[in-house]
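Colleague: I have just opened this protein. Could you take me through it?

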Amino acid sequence: MAVSRKFVPKFPLAQIQAHPLAELCDMRLLQSIHTLYSSLPPSTMQQVAVALSGGVDSAALALHMAVWTKALSLPLHCFHVHHGLQDVADQWSTHVQTLAHHLGASIHIERVRVDLLSGTGIEAAARDARYLAFQALCQ
């Protein structure tokens, strides 16, 4: 009985090192991203999305994903959810558009309405709206 093995691309070290932003990346994180990606079913290995709030953590992850996806010739989609809860929400959207452009990624911004009367609190209501937006963006 033959064992079915999926194709797992080798870690693209040379392509990563050739990327102009590679020096800003942590090679261990890139390797971890690659290992996790390699464990996914082959049918999901055609494009990649990352949530991008615009804060330091999501910007750093988007940078690493941009370097890694470029090395594997995969399209990168950045998803930003505009909650409209802060006066600077429009500025965050502009910021993530600029960042995605510099990373060579497409940007998808979803405006949501947060149910402030849900009884779950503002953070939980915003999280629920965000998860629904991510689900819609992935379709």
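Modeller: Certainly. His-80 counts as buried because its relative accessibility is 5%; buried means under 20% relative accessible area, exposed over 50% and partly exposed in between, with a 1.4 Å probe and protein chains only.

Colleague: Where is the place of His-80?

Modeller: His-80 sits in strand 2, residues 76-82. Strands (E, at least two residues) and helices (H or I, at least four) are DSSP runs numbered from the N terminus.

Colleague: Which residues does His-80 touch?

Modeller: Leaving out residues up to four places away in sequence, they include Leu-52, Trp-92 and Ile-109. Contact means heavy atoms within 4.5 Å.

Colleague: Is this a predicted model, and how are things counted?

Modeller: This is a predicted model, in which local features need pLDDT of at least 70, side-chain atom pairs count only at pLDDT 80 or more, and totals for chains, interfaces and linings use all residues. Residues are numbered from 1 along each chain as its sequence is written, and side-chain values use heavy atoms, without hydrogens and water.

Colleague: What is the mean pLDDT of the protein?

Modeller: The mean is 92, and 94% of the residues reach 70 or more; pLDDT is the predictor's confidence in each residue, from 0 to 100. Over residues 1-5 the pLDDT is below 50, and this stretch has zero contacts in the model beyond near neighbours in sequence.

Colleague: New topic: Leu-117, buried or exposed?

Modeller: Leu-117 counts as exposed because its relative accessibility is 81%. Leu-117 lies in the loop between strand 3 (106-111) and helix 5 (122-137).
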